[in-house]
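User: I'm new to this one and would like to get my bearings. Could you show it to me and then take a few questions?

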Amino acid sequence: MGEKKNNTPKFKLNSYWIYIPILLFLIGMSFLNNSGGLSSRKIASNEFTEILNDNDVDKILIINNSRAEIYIKEEAQKKERHEKITKSPFFRKGSYLYEYNFGDLQNFENKLNEAKQKNNLSFDYFNDERTSFADTLINFLPFIILIAIWLFFMRRMSGGGAGGAGGGQIFNIGKSKAKLFDENTKVKTTFKNVAGLEGAKEEVQEIVDFLKNPEKYTKLGGKIPKGALLVGPPGTGKTLLAKAVAGEAGVPFFSLSGSDFVEMFVGVGASRVRDLFKQAQQKSPSIIFIDEIDAIGRARGKNSMTGGNDERENTLNQLLTEMDGFGTDTNVIVLAATNRAEILDKALMRAGRFDRQIYVDLPDLHERREIFEVHIKPLKLSDNANLEFLAQQTPGFSGADIANLCNEAALIAARNNKQAIEHQDFLDAVDRIVGGLEKKNKVITPKEKKVIAYHEAGHATVSWMLEHAAPLVKVTIVPRGQSLGAAWYLPEERKIVQTEQMLDEMCATMGGRAAEKLIFNKISTGALSDLEKVTKQARAMVTVYGLNEEVGNVTYYDSSGNDSFVKPYSEETAKTIDEEISKIIEGQYARAIEILDENKDKLDILADKLLEKEVIFKDDLIEIFGKRPFDKDNKVTTTNNEVGTKED
Ligand code: ADP
Ligand code: ZN
């Protein structure tokens, strides 16, 4: 994912320039064609007869059997009638003066012969075939179109790539588009820039060693690894880590994305792979980093029905060949990143290719704190910024999210003309990133506001009463982004979710609609995102995690990511699945209504308070409900604006 491409030269020898000579050529042709045509005059039949009978005509050129160009004798040109034309600045000596459209050729010729004999005239006439400007254009049109199409595709294919500057880019199709960082564009990233990821760093440390002193390993007969696969969600620092390896080892770093190989033309991908490895070997020891390798590395042959992936397969085959091909002495190491290792072709993972897989996960609490520390370094902070607290408030954030958050906080502080970034700016930035922009002027009628207040109070009340629902930290009815209100939770970071936990969470999600039903005896469209969420969850329980008794311990999840058009279960099972999903959701809806009914007095108080204050926090909830009996961790204290996941 790395940095942006910024190699647009100021003046690009655009291929549109090639149209200019073509145009000039065509214009030139048109001039040549009609010698003197600029000053000549069209004449009608009677005038032509007059000139003819005056014996002024020197010769007549019959062009394409359709019109005549009339040349006048030198001595006759002095006549007043002809001087009008010969004195014109556009007149060229020796060119014709008049043009005459004669109609039928046979008649015209007869007329000329007749006049010649009768008046004893001394002129000749010739027939001439000549192509006009329009004809030329039409003749050339196929070529022009062909050239235009060709240029268009060439531009598409080689556009934007490294080394694409200048007119030469047309010929770079088969060249790799890798971005090179070497001693000139020094890779300054080191492990210091990578926070957390201790395990991953340890694994790649070995690669750094290989690159630094390969003899240490080859001396004992060991083979240097050829590739490692960095697996993890986007933004977790895979590119950063690969760069840091290059930086630590002090070797050149070729970076490109898997999709850069793939073009619509056959053979381009494979030739780019070849070129890339050639370049890397010339600079060895070096590192090749291929981001999003799934673009080419997807398992082969599964979609052969569509037949459109041959090019990708060729590219992948070439990559495998190259990885097998370069010997142990070349010291080129390929690092590749993906967030879906399971869909990759197994051949990629074989020994001698990407045989090491390094997992780069979303950062945990401690790692988030470290990442914050890396990214606040260039910022000017006030003393009250509490990184520990911020790390707590950002579960599920990736390294890239945190980098973005820090930047956003700086922008917010600057917008408010502050001298330093304060804690509140970070909190606002979190709100903004998770929930979208606050919309203060979204028009909401008092009645709607009441419905929203009860809806959110419903979420809050139900989740408060359920042991396994995530602890609530903030409820708001300030509209934000697409949502009209929100309840924010601080989810526990858990890897395994049990049935009760899922059910409790679904019950809390249904709490919004349940409150509307209980209080107003009406339900609204406001619960759309809630319904979407529970439906997905229920479907996952039944079809993915095998948590439903009717359907049993089966999963219809296909980790290879190949969506097939055919459902992997029978019609009967499909029916059971639908029924079970509905049963689960309705069950939790009824349960939510029951809980709210039991606590209706508290629900009312909460809704009133929400209407009054618009935003309420955990403290207010404790005031109304008393302490939550199952809350053991009181990580989240009394400060305001806590955030985790939210529910509209
Ligand atoms: P990926 O390649 O995994 O999608 P990147 O390496 O491109 O992610 O990360 C994007 C940005 O996020 C980095 O440039 C860096 O600023 C920040 N970042 C991600 N992970 C970390 C980390 N562990 N430590 C410091 N910064 C990180
Ligand atoms: Zn809701």
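User: Which residue follows α21, and what is its phi near?

Analyst: Helices here are DSSP runs of H or I with at least four residues, strands are E runs of at least two, and both are numbered from the N terminus. This is a predicted model, where local features need pLDDT of at least 70, side-chain atom pairs count only at pLDDT 80 or more, and totals for chains, interfaces and linings use all residues. Residues are numbered from 1 along each chain as its sequence is written. Right after α21 comes Gly626, with a positive phi near 85°.

User: Where do the buried residues of α21 sit around its axis, and over what arc?

Analyst: Buried means under 20% relative accessible area, exposed over 50%, partly exposed in between (1.4 Å probe, protein chains only). In α21 (residues 618–625), the buried ones are Lys618, Asp620, Leu621, Ile624 and Phe625. They lie on the same side of α21, because the arc they cover, taken from directions from the helix axis to the C-beta atoms, is only 155°.

User: What do those buried residues pack against?

Analyst: Contact means heavy atoms within 4.5 Å. Leu621, leaving aside neighbours within four places in sequence, touches Ala460, Trp464, Leu472, Leu606, Ile616 and Gly626. Taken together, the buried residues of α21 pack against α16 (446–465), β12 (472–476), α20 (600–613) and β14 (615–617).

User: Is Ile145 buried or partly exposed?

Analyst: Ile145 belongs to helix α5 (residues 133–158). Its relative accessibility is 45%, so Ile145 counts as partly exposed.

Definitions and conventions
Chains are lettered from A and ligands numbered from 1 in the order in which they are written. Side-chain values use heavy atoms; hydrogens and water are left out.
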